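Take a look at the sequence and the structure below. This short report starts with one residue and then turns to the ligand.

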Amino acid sequence: MATNRTFTMIKPDAVAEGHTGSITKLIEEAGFRIVALRKTRLTPDRAGEFYAVHRERGFYPDLVRYMASGAIVPMILEKENAVADFRKLIGATNPANAEAGTIRQLFAKSIEANAIHGSDSDENAAVEGNFFFAATEQF
Ligand code: CMP
């Protein structure tokens, strides 16, 4: 399998509680190379744009509010089979269903404050990575 990329962001709950280092360590130990990384904050408009695919869902207004509530740490990651392997590493969206040892099982508080995002396809990984990082910031 060719080396490829995925996109992730550590969400406001996990950043605020000081889990950025622990989560980044798990990501690197699982064999992902960090291509780009920043600490930043989304405005409600930018959070709404990032999650636009969910705008018809009942949870969208709360999700936008939550994602704009504090600092986040977006990253682009590289590894063979990156998208699928990363989704395995983070576990199910709802932490109640996340397998033992996954990032969400370890750090998520609820289905909304679920510690971390992971792209669901190669195509979305590219779109989401480019949402945060210029080509010149990707190493
Ligand atoms: P994420 O993988 O970043 O993609 C969409 C986010 O919406 C999801 O993680 C959750 O944080 C949030 N969310 C809140 N409620 C739900 C829900 N009922 N189903 C799916 N996602 C939800």
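## Arg 57 and its loop

Which helices flank the loop where Arg 57 is found? The loop runs between helix H3 (44-50) and helix H4 (60-67). Keep in mind that this is a predicted model.

Is Arg 57 buried or exposed? Neither word fits: Arg 57 counts as partly exposed, because its relative accessibility is 46% and that class lies between the buried limit of under 20% and the exposed limit of over 50%. Now set Arg 57 against Pro 12. In sequence, the two are 45 residues apart. In space, 21 Å lies between their C-alpha atoms.

## The ligand pocket

Where does the ligand sit? The space taken by the ligand is the largest pocket. Residues that surround the ligand include Phe 59, Leu 63, Thr 93 and Ile 111. His 54, Glu 112, Asn 114 and His 117 are also among them.

The shell is mixed in class. Around the ligand there are 4 nonpolar, 4 polar and 3 charged residues.

## Polar contacts and cover

Three side chains each place an N or O atom by a ligand oxygen. For Tyr 51, the distance is 2.6 Å. For Lys 11, it is 2.8 Å. For Arg 104, it is 3.2 Å.

How much of the ligand does the protein cover? On its own, the ligand has 460 Å² of accessible area, and the protein covers 80% of that.

Definitions and conventions. Residues numbered from 1 in each chain as written. Predicted model: local features only at pLDDT ≥ 70, side-chain atom pairs only at ≥ 80, totals over all residues. Heavy atoms only, no water. Near = heavy atom within 4 Å. Polar contact = N/O pair within 3.5 Å; in protein donor to acceptor, adjacent residues only side chain to side chain. Areas by Shrake-Rupley, 256 points an atom, 1.4 Å probe, with all protein chains shown as cover. 1 Å grid on protein atoms, 1.4 Å probe; cavity = no way out; pocket = protein on both sides within 12 Å on 5 of 7 lines; lining within 4 Å. Sits in = over half its atoms within 2 Å of the grid points. Nonpolar A, V, L, I, M, F, W, Y, C, P; charged D, E, K, R; others polar. Helix = DSSP H or I, 4+ residues; strand = E, 2+ residues; numbered from the N terminus. Buried < 20%, exposed > 50% of the residue type's maximum accessible area, 1.4 Å probe, protein only.
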